[in-house]
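Colleague: I'm new to this one and would like a close look at a single part. Could you walk me through the sheet and whatever packs against it?

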Amino acid sequence: MPQNTNQLPDNVNADQFENILIYFSKSLMGMENEEDILWDVAKNCISKLGFVDCVIYLVDPGQKMLIQKAAYGPKSPKDQTLYNPVKIAVGEGITGSVATTGSPELILDTTKDSRYIVDDDFRHSEICVPIKYENEIYGVIDCEHPEKGFFTDRHLKMLSAIASICAIKIRSVRTNRQLLEKQRKLIEVREEILELKLKTLSSQLNPHFVFNALNAIQYFITSQNTKLALDYFSTFSKLVRFYLKQIGQDSASLYNEVDMLNWYLKLQKLRYDDSFDYTISMEKNNIISKEAYIPPFVILMLFENIVEQSIINGVTDQHFKIGIKTIKNKVTFDVEYHCKGMDSESPDNHWYRKNMINWKEQIELLNTVKGYQIFHETTSSFNNGTDIKHIVLQLPNLAISENAMD
């Protein structure tokens, strides 16, 4: 049968087809659902081109399948509900081949193409175009006709134009959906960070910590050790003021954080009857160190976990050797922790263990939200009855980072 070169109805000329595309483009503007877009293509575009059968597929990357989402003709349900959608493997048949290559195909006689797959009925002509944006293929528009040579190059150009508009809209919908999802996750993580900050404050100012601190002050007063009572009370007050000041901040001076660590360890040492010793060394006369700013409470969480876990586990002969080094945009804490009896565990105060914040979880949240790329590494060894834990914690110098961004 000779190819029909005038297949469009007389009332669909080039100008009217342009009007169809304009109408179609405007109708898609308010749509944010991919299936609504595809049904609009089927009902308001394909139906006006004189075609008798059309199926529109979307690619399911996970299953590597083309899944029917809309149709015009015999495969189109009245209520737009597809109870048994057609599925074609990517690469299978003419439709699957187009989904693989991304190139449109015009088949004048399907009896001469071994790839042709009979669906509900045999048809002699097939035209298939990809729904493609740049190099990404979202789906395929596939049309068939019972007459040989029914489809023309003009049909191919028209169908390709419709598919291009459809692809642009699908791209926009998916981009907006991804953006909304990222915003939702960012809000969730920010809420987690805020909750973490509040937990940080409460974990240090919980009744277990506060009551012990007040009891220590009371003990020193009643034992007439006024100097130690005033010293303890002064240190406790500084620590509380620092918490309240920093709880809403994203950065803290390195020197202030080191002071806070000193106050915290001093109080804990008094609270636990000198059950551990510690030394802190930091570079002196270093301009970068003096101007360094780091994320607040990270160091505090690290040592709270170590001190409280060691007390809960009843270890002895504890000593912390803390070294602090600043190089350009990094601040490194090098901690050596020596103790004995690390394998023992006391069943007491497990509620306190559960309420403590894991310092590694805090770092993961900060890296996720702020992109700090905080690095930490912990190694353990055993020597002459002594457990040795070596912790390296590398924090960003936020003062340098902020200046770099400016």
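Modeller: Here is a tour of the sheet, followed by the helices across it and some charged pairs. Keep in mind that this is a predicted model.

Let's start with the layout. The sheet is open and has six strands, in the order S3-S2-S1-S6-S5-S4, with antiparallel pairing. At the edges sit strand S3 (87-89) and strand S4 (105-107), each of which pairs on one side only. On average, neighbouring strands here are turned by 25 degrees against each other, direction ignored. As a bit of background, strands of a sheet pair through backbone hydrogen bonds, either parallel or antiparallel.

Now go through the pairs. Strand S1 covers residues 53-60 and strand S2 covers residues 65-72; the two pair in the antiparallel sense over seven bridges. If you want a spot to look at, find isoleucine 56, whose bridge partner in S2 is alanine 70. S1 also runs antiparallel to S6, and six bridges join those two. There, tyrosine 57 stands opposite valine 140 in S6.

Valine 140 is worth a second look, since S6 has a neighbour in S5 too. S5 and S6 run antiparallel and are joined by nine bridges. In that pairing, valine 140 of S6 is the bridge partner of proline 130. So valine 140 is paired with proline 130 and stands opposite tyrosine 57 as well. S5 and S6 also form a hairpin with two residues between the strands, and glutamate 134 in this hairpin takes a positive phi near 55 degrees.

How buried is S6? Nine of its ten residues are buried, so S6 is largely enclosed by the rest of the structure.

Next come the helices that lie across the strands. Helix H2 (residues 34-44) lies across S1, S2, strand S5 (125-133) and strand S6 (136-145), and it runs at about 50 degrees to S2. Helix H3 (residues 93-101) lies across S1, S2, S3, S4, S5 and S6, and its direction is at about 150 degrees to S6.

H2 takes us to the charged pairs. In general, side chains of opposite charge can pair when their charged atoms come close. The count for this model comes to 14 salt bridges. One of them joins arginine 174 to glutamate 34, with the closest N and O atoms 2.7 Å apart. This pair links distant parts of the chain, with arginine 174 in helix H4 (residues 153-204) and glutamate 34 in helix H2, 140 residues apart. Glutamate 34 also meets arginine 177 in a salt bridge, at 3.0 Å from N to O. That second pair again links H4, where arginine 177 sits, with H2, where glutamate 34 sits, and the two residues are 143 residues apart. Put together, Glu34, Arg174 and Arg177 are linked in a network of salt bridges.

Are the partners buried or exposed? Glutamate 34 has a relative accessible area of 11%, so it counts as buried. Arginine 177 comes out as partly exposed, because its relative accessibility is 45%.

For one more example, look at arginine 115 and aspartate 113, whose side chains meet in a salt bridge at 3.0 Å, N to O. Arginine 115 is partly exposed at 28% relative accessibility, while aspartate 113 is buried, with a relative accessible area of 15%.

Conventions:
Residues numbered from 1 in each chain as written. Predicted model: local features only at pLDDT ≥ 70, side-chain atom pairs only at ≥ 80, totals over all residues. Heavy atoms only, no water. Pairing = 2+ DSSP bridges. Helix = DSSP H or I, 4+ residues; strand = E, 2+ residues; numbered from the N terminus. Axes fitted to C-alpha atoms, helices over the stretch in contact; angles between N-to-C directions. Contact = heavy atoms within 4.5 Å. Salt bridge = Lys/Arg side-chain N within 4 Å of Asp/Glu carboxyl O. Buried < 20%, exposed > 50% of the residue type's maximum accessible area, 1.4 Å probe, protein only.
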